[in-house]
Amino acid sequence: MLFLSFGGPEGPDEVRPFLENVTRGRGVPPERLDEVAEHYHHFGGVSPINRLNKDIMAALEAELAAQDRELPVYFGNRNWHPMVEKTVAKMADDGVRRALVFATSAWGGYSGCKQYHEDIARARAAVGERAPELVKLRQFFDHPLFVESNADAVRRAFAEMDPAQREQARLVFTAHSIPVRADGQEGPDGAPQWYSRQIAEASRLVAEAVGEADYDVVWQSRSGPPQVPWLEPDICDHIEGLHAKGVQAVVVSPIGFVSDHLEVLWDLDNEAKDKAAELDMGFARAATAGPDPRFAKLIVELIAEHTDGVEPRKLSTMPAAGSTTNGEPCAPGC
Ligand SMILES: CC1=C(CCC(=O)O)c2cc3nc(cc4[nH]c(cc5[nH]c(cc1n2)c(C)c5CCC(=O)O)c(CCC(=O)O)c4C)C(CCC(=O)O)=C3C
Ligand SMILES: [Fe+2]
């Protein structure tokens, strides 16, 4: 099994080279990179993502052992060490001929799915003929274990809230913004907005599970040049808008993220929280699904769909997608 993720710097000297890897050829303006570098420096130049991924892998290994499944887990990243090319070379050295790939995103779209397929293809090309066959596991945004752990996290966040504010607190889901044009691309069902529709659907399922009829879905962490439209509203603007309408408290669910990496710590626990405080609003941020023990069970279930013919469990009617061999596109044009 190859555990494939984004990667992140482990010290101040690694921040710039990491950011250059992330944005290579993407037209992200240098001012934006300076701003994001500051976010990393605020945490000593260390992204929490590597530690979080190691925790998930440890839980995954324990779950595999508990289920008597013998499956070695390798770790590789798109943007920082251990780089996926090196990891796949090591797998070939170890005699691995075929592996499943878990990518740490629940979603379709370029950053969450297609780019991981490109990583798989690039790593295989770098290794050459000896490269193992690599089969990526599917998108899991509507898997009951993902939905239930996010729902429990939302319940805990409501419970944390001052009882006086709890009743009127507004539930707000947030995910990583992407360019409006990128979101316009068709999904495997032939309809556009595959990524934002999945976010909407996962949010609906979580809201339904916790019994909140009214909620919002908003975006965060936009990048790119300011003149290019990205999905809106931004979480901080939205908190202002809610305040103007008389809402006194928000519960924020970072549904778009698998763990508390830098965008969650900075854009939510700093910026959004400060915005709420400035407006004298109550604020509670729900946990992400990654550290929940159900997350390792979810990964093993996705594995079992391939090894044991386990029927994919899905709470939405949107088609399963994102699983192909050697980085092939899921559907023509995907
Ligand atoms: C949809 C999406 C996810 C969610 C998918 C999923 O994971 O479920 C995601 C995850 C992540 N994004 C991350 C970090 C960054 N993303 C950037 C830039 C960008 N992200 C984009 C989209 C997404 N990104 C896009 C369209 C860009 C513009 C440039 C480009 O087209 O690539 C930049 C460059 C600076 C900036 O512009 O912000 C950084 C540093 C980290 C690691 C955080 C850590 O270190 O803890 C993670 C997990
Ligand atoms: Fe990103």
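Trainee: Which residues come nearest to ligand 1?

Mentor: Gly8, Ser47, Ser105, Ser223 and His261 do, out of the 27 residues around ligand 1. A residue counts as near when its C-beta atom, placed from the backbone, lies within 6 Å of the molecule. Before we go on, remember that this is a predicted model, where local features need pLDDT of at least 70 and side-chain atom pairs count only at pLDDT 80 or more, while totals for chains, interfaces and linings use all residues. Residues are numbered from 1 along each chain as its sequence is written, and chains are lettered from A and ligands numbered from 1 in the order in which they are written.

Trainee: Which helices supply at least two residues each to the shell around ligand 1?

Mentor: First, the labels: helices (H or I, at least four residues) and strands (E, at least two) are DSSP runs, numbered from the N terminus. Here the helices are H1 (15–23), H2 (30–42), H5 (110–127) and H11 (262–278). H1 gives the most, with three residues.

Trainee: How many residues of each class does that shell have?

Mentor: Ala, Val, Leu, Ile, Met, Phe, Trp, Tyr, Cys and Pro count as nonpolar, Asp, Glu, Lys and Arg as charged, and the others, Gly among them, as polar. The shell around ligand 1 has twelve nonpolar, twelve polar and three charged residues.

Trainee: Where does ligand 1 lie with respect to the domains?

Mentor: Domain bounds come from an automatic or database domain assignment. Ligand 1 lies between domain 1 (2–140 + 294–307) and domain 2 (144–285), because both give residues to its shell. The C-alpha centres of the two domains lie 24 Å apart.

Trainee: How many residues of the two domains are in contact?

Mentor: Two residues are in contact if their C-beta atoms, placed from the backbone, lie within 7 Å. By that rule, 26 residues of domain 1 are in contact with 20 residues of domain 2. On the domain 1 side, H2, H3, H5 and helix H12 (293–307) give two or more residues. The largest share, five residues, comes from H12.

Trainee: Which residues does the UniProt "binding site" annotation cover?

Mentor: That annotation, from an unreviewed entry, covers Ser47 and Tyr116. UniProt positions are given in the numbering used here, feature names are shortened, and annotations may be inferred rather than shown by experiment. Ser47 is found in the loop between H2 and helix H3 (49–66), whereas Tyr116 lies in helix H5.

Trainee: Is Ser47 buried or exposed?

Mentor: A residue is buried if 20 or more other C-beta atoms lie within 10 Å of its own, exposed if 12 or fewer, and partly exposed in between, with C-beta atoms placed from the backbone. Ser47 has 23 such neighbours, so it is buried. Tyr116 is buried too, with 24 other C-beta atoms within 10 Å. Leaving aside neighbours within four places in sequence, Ser47 is in contact with Gly8, Pro9, Tyr40, His261 and Leu262. On the same terms, Tyr116 is in contact with Leu4, Ala103 and Lys136.

Trainee: What span should helix H9 have?

Mentor: The expected span is 1.5 Å times one less than the number of residues. For the 17 residues of helix H9 (residues 194–210) that is 24 Å, and the end C-alpha atoms are 24 Å apart, which agrees. Just after H9, Gly211 takes a positive phi of about 75 degrees.
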